[in-house]
Amino acid sequence: MEQLAPATISEWIAPVDDRVVQIAASLGLHPGQFDATRIRAIVDQAGRNSQTSSLESSIVSALTIAETHFLRHRMDFEWIVQQWLPGWIERAEHGRMRIDILSAGCSTGEEPYTLYALLRQPLSKEWDLAVTGIDINETSLNVARQAMYGLWSLRGVLPSEVDAWLHPEGGRWRVIEAVKRGVSFQTHNLMNPFDGPDLFDLALFRNVSIYFHESAIATAWANLVHALRPNGVVVVGPSDPVPPQSLNLTLEWHGDVRTYRKSGTRPRPPAAGATTPPARSRNEPNAAIPLPAAGPAPTRPAPEPLDEYHLVAALAARGDRETAWRLAIEHSKQEPLRVDWHLLAAYLSAELNRTDLAAESMRRALYLSPQQPFVAYMSGVMLDQGGRAAEARQRFNWAMELLATMADESFPAHADGMTVRQMKELIHARIVAAHH
Ligand SMILES: C[S@@+](CC[C@H](N)C(=O)[O-])C[C@H]1O[C@@H](n2cnc3c(N)ncnc32)[C@H](O)[C@@H]1O
């Protein structure tokens, strides 16, 4: 592949292909934020890849980040199931026994499937539940519709948490039909209005607007809020920017979960869990503490810079694992000191049943970062997956020892925004599960 000097997309691409700049603008993305090498690499790669249909969709793929996994930011789902759902049902309009949920920027579908699976279970059968996943990236939506996932999509969950609705099939996992039927997918650009008002009771809008420019953030929020029912709630991700004040949304904190509530046309009884304790305590996960609507987003790790790694991870997420695997192996040789290449190469090798290569890449990752709990944890997950439970347990114990030296609310490297406390809970549950 031809090497280009680093430049912004506008410098490199404008004379070559205005289409990229136009598409970036139509998605609300700030073209200056993108590395030209990355865009060209993805468009080139997609051009050679029969699974990607048109130049247009290749460019959309190049400009968007598909990264996601089941139960990502799990505290959001805990709050939705334990607090939001009972509160919403309690004040449902007479006779209306239907809940509509939006996953805005749903990528490859892990988020909407998680929502449906977790919310369907506590609802009695008189209730209808519909989850809609929208995204601008058709390649990601095609993966979502296939409802078949690899190990990486399950990195934040325990097998026992999902075994009721994700069934193993040939080394991968398939979403069961009952969950698949409850989720629909549509191509939709958040820069455009939805089909009407009053469509959704709850929307997840997480990890999508971080790369939008200011006016695009405002447009996306206005469209989203218009489509919400009165008192409807938007759940955002930890690093997401705040919505414009002009929308008059009420910011509520529920422990670490940040939500924005649309005003209601009827007087609203207090939401379950939305009390006003005197001070915010991180140890009380369901305490909701209203902050001023214009308050800043919490300080979180900044989104990772977009580079070749994201290109390859995105290819894997969208189903081209063979190409992604080849590129991950190549890059892990070119940049042998970068642990994320080895991690990516390891789990892609495992997914493709190249067991020896998986073990070798994992060994290198551990060698480079023996003190990183996420690396030890992933190594344990892979060993567990390969039926080597005793060795897996050693890795989990090692990860726990490392986590014990870190502050509970800090963010371990490579763990995609999971806190030390959440990782401890996850690994503890894995250790307990391994004993049974
Ligand atoms: C990082 S993924 C987030 C997936 C999921 N919400 C999560 O948090 O795990 C961001 C998604 O937003 C989508 N996206 C970006 N700009 C968009 C736009 N203007 N309209 C709709 N989707 C968009 C991307 O295609 C990508 O799939």
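This is a friendly conversation about a predicted model, going from its overall make-up to single residues.

Modeller: Two notes before we start. Because the model is predicted, local features need pLDDT of at least 70 and side-chain atom pairs count only at pLDDT 80 or more, while totals for chains, interfaces and linings use all residues. Residues are numbered from 1 along each chain as its sequence is written.

Biologist: Thanks! How many helices and strands does the protein have?

Modeller: Helices (H or I, at least four residues) and strands (E, at least two) are DSSP runs, numbered from the N terminus. On that basis, the secondary structure comes to 17 helices and 10 strands.

Biologist: And what share of the 436 residues is buried?

Modeller: A residue is buried if 20 or more other C-beta atoms lie within 10 Å of its own, exposed if 12 or fewer, and partly exposed in between, with C-beta atoms placed from the backbone. For the 436 residues of the protein, the buried share is 45%.

Biologist: In the open sheet, which strands stand at the edges?

Modeller: Two strands pair if DSSP finds at least two bridges between them. Seven strands form the open sheet, with mixed pairing, in the order β6-β2-β1-β7-β8-β10-β9. Each edge strand has a single partner, so one side of it is left without a neighbour in the sheet; these strands are β6 (183–187) and β9 (250–254).

Biologist: What is the average twist from one strand to the next?

Modeller: Angles run from 0 to 180 degrees between N-to-C directions, and axes are lines fitted to C-alpha atoms, for helices over the stretch in contact. From one strand of the sheet to the next, the twist averages 25°.

Biologist: Which helix packs on the sheet, touching β1, β2, β6 and β7?

Modeller: Contact here is between two residues whose C-beta atoms, placed from the backbone, lie within 7 Å. The helix touching β1, β2 (128–135), β6 and β7 has a direction at about 170° to that of β2, and it is α6 (residues 110–120).

Biologist: Let's look at β7. How many bridges join β7 to β8?

Modeller: On one side, β7 (residues 200–205) runs parallel to β1 (residues 98–104) through three bridges, with Leu102 opposite Ala203 and Ser103 opposite Leu204. β7 is mostly covered, as six of its six residues are buried. Towards β8, Phe205 stands opposite Val236. β7 and β8 (residues 228–236) run parallel, and the number of bridges joining them is five.

Biologist: Now the helices. At what angle do α12 and α13 cross?

Modeller: α12 passes α13 in a left-handed crossing, meaning that the near helix is turned anticlockwise from the far one by less than a right angle (right-handed if clockwise). The residues of this contact include Trp325 and Ile329 of α12 and Trp341 and Leu348 of α13. The axes of α12 (residues 321–334) and α13 (residues 339–351) come within 9 Å and cross at roughly 145°.

Biologist: Why is α11 described as largely enclosed by the rest of the structure?

Modeller: Among its buried residues are Tyr309, Leu311 and Val312. α11 (residues 308–317) is largely enclosed because the number of its 10 residues that are buried is eight.

Biologist: Which residues come nearest to the ligand?

Modeller: Near means that the C-beta atom, placed from the backbone, lies within 6 Å of the molecule or strand. The shell divides into eight nonpolar, 10 polar and five charged residues. In this grouping Ala, Val, Leu, Ile, Met, Phe, Trp, Tyr, Cys and Pro count as nonpolar, Asp, Glu, Lys and Arg as charged, and the others, Gly among them, as polar. Of the 23 residues around the ligand, those that come nearest are Thr64, Thr68, Gly105, Ser107 and Leu190.

Biologist: Ser107 caught my eye. What is its phi?

Modeller: Most residues other than glycine have a negative phi. Ser107 is found in the loop between β1 and α6 and is buried, with 27 other C-beta atoms within 10 Å. Although Ser107 is not a glycine, its phi is positive, at about 55°.

Biologist: Last one: is Asp384 buried, exposed or partly exposed?

Modeller: Asp384 lies in α15 (residues 373–385). Leaving aside neighbours within four places in sequence, Asp384 is in contact with Ala389 and Ala392. With 19 other C-beta atoms within 10 Å, Asp384 is partly exposed.
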